[in-house]
Amino acid sequence: MSGQSMDAAPAAEVEPMPGYLDLMSRASTVMLGAWRDCRSCGLELSKRTLLDNAYITWTEIALFLFSAFLWTQVRRGLTESLFQPLAQWCRLLPKDAAKMPESAWKLVFYTMSWSYSTYLLFFTSYSFFHDPPSVFYNWQSGMSVPADIAIAYLIQGSFYGHSIYATLYMDAWRKDSAVMVVHHIITLALISFSYAFRYHNVGILVLFLHDINDIQLEFTKLNIYMKSRDGGYHLLNDVLSNMGSVSFSITWFWFRLYWFPLKVLYATCVSSLQSVPNIPFYFFFNTLLLALLLMNIYWFLFIVVFVVKVLKVKEVNDVREYEDEDGSKAASGLHREPQAENNDGDAGHHISARGKPVQNGVTKEKHL
């Protein structure tokens, strides 16, 4: 999986980043032109293009499956040996102690993954962030994937494979959990197909622009849980949660709604055809990236509601959660039914008094 990267671009002046109007104008013009020129587009051409340009080995698939399974086991091990004992030691409220391990796990992973993406983009020879069109320079079907980027893809792809399972069976169920499952599926499809079609350079840029918000989100949630620990009020955690929520809101817009469309979508919609006129699956990949942008806008609406709520009640909470009453009942069910929990072979899975499945102390009502 090592080899010459396609970031060795021909000497050229870096194209300035476009504005929103320029993006919409040029992208729509280029895409409509590509659609009109695609006279032979259809299922038969898609099959032929897939067979001619997708390169992935059974060894790589096996590594993905093994790593996804490994992430699940690592999370369970850290939850049982570190995160749950830490929640008990801090004497968190029952409803907070039930959700704290999930946030701690995600904070650990996203800090690691985003740090690695940052290293690739700013401390190596790759120029993708400062010159997004360069992600398609010297692109060739079946070209070698540099080892450092291949490692990032294995880490991220297997994690999102694990995350589909985790959202359904390990995480607390929230108002946007169904959307989260769709997000994980789209992200995994983007990671898998971009690797197979050797669009790995743009993939690293997409991952960098998205992972930072998950770090801030989980950091903020952990401080929300910690500020009421041991039955008291802790000012430091309250201040940190407010600082985290402010930085989260700002960077969500800046990274996902500003840089993502103007750097990534412009490169994939416009620059890709300039560098590779017959680039494979042009419409497929851009459709997935546009769907990702729409989900970012959808979640930004939650952020707006969150900001309004903070301004009104002066308290930071996750507006995606169901009402505290449901969480409190589920958490109290953990203490009322120790026998039901102990008899369950899968740690953390049991049935509440109302007959609904409970995971991590939170009643899960799945409506997919």
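A cavity, as the word is used here, is a set of grid points where a 1.4 Å probe fits but cannot get out. Rolling a probe the size of a water molecule over the atoms shows where empty space is left. With that idea in hand, let us walk through the structure above, which is a predicted model.

Start with the overall plan. The chain has 11 helices and 3 strands. If you follow the chain from the N terminus, you pass through the helices before you reach the strands, in the order α-α-α-α-α-α-α-α-α-α-α-β-β-β. The chain holds 368 residues, and 50% of them count as buried. On the outside, about 18100 Å² is exposed, with carbon and sulfur atoms supplying 65% of that area.

How does the chain meet itself? Take the contacts between residues at least 6 apart in sequence: 81% of them join residues at least 24 apart. One pair to look for is Leu93 and Arg229, which are 136 residues apart in sequence, yet their C-alpha atoms are 6.3 Å apart in space. You will find Leu93 in the loop between α3 (58-89) and α4 (94-122). Is Leu93 buried or partly exposed? Its relative accessibility is 32%, so Leu93 counts as partly exposed.

Now turn to the inside. The largest nonpolar core has 80 residues, and those touching the most other members are Met100, Tyr199, Leu209, Phe260 and Val264. Two or more residues come to this core from each of α1 (20-37), α3, α4, α5, α6, α7, α8 and α9. Phe260 makes a good place to pause. Setting aside neighbours within four places in sequence, Phe260 is in contact with Val206, Leu209, His210, Phe255, Leu265, Leu289, Leu292, Leu293 and Asn296.

This brings us back to the empty space. How many cavities of 30 Å³ or more does a search of the whole structure find? The search finds 2. The second largest holds about 290 Å³ of space. Its lining is made of 24 residues, and the closest to its centre are Leu190, Ser194, Val202, Val206 and Leu289. Two of these names, Val206 and Leu289, are already familiar as contacts of Phe260. The elements that each give two or more residues to this lining are α5 (147-169), α6 (177-196), α7 (200-226), α8 (235-275) and α9 (282-313). What kinds of residues form the lining of the second largest cavity? There are 16 nonpolar and 8 polar residues, with no charged ones.

How values were computed:
Residues numbered from 1 in each chain as written. Predicted model: local features only at pLDDT ≥ 70, side-chain atom pairs only at ≥ 80, totals over all residues. Heavy atoms only, no water. Helix = DSSP H or I, 4+ residues; strand = E, 2+ residues; numbered from the N terminus. Buried < 20%, exposed > 50% of the residue type's maximum accessible area, 1.4 Å probe, protein only. Contact = heavy atoms within 4.5 Å. Areas by Shrake-Rupley, 256 points an atom, 1.4 Å probe, with all protein chains shown as cover. 1 Å grid on protein atoms, 1.4 Å probe; cavity = no way out; pocket = protein on both sides within 12 Å on 5 of 7 lines; lining within 4 Å. Points joined across faces, edges and corners; volume = space filled by probe spheres on them. Nonpolar A, V, L, I, M, F, W, Y, C, P; charged D, E, K, R; others polar. Core = buried A, V, L, I, M, F, W, Y, C linked by side-chain atoms within 4.5 Å.
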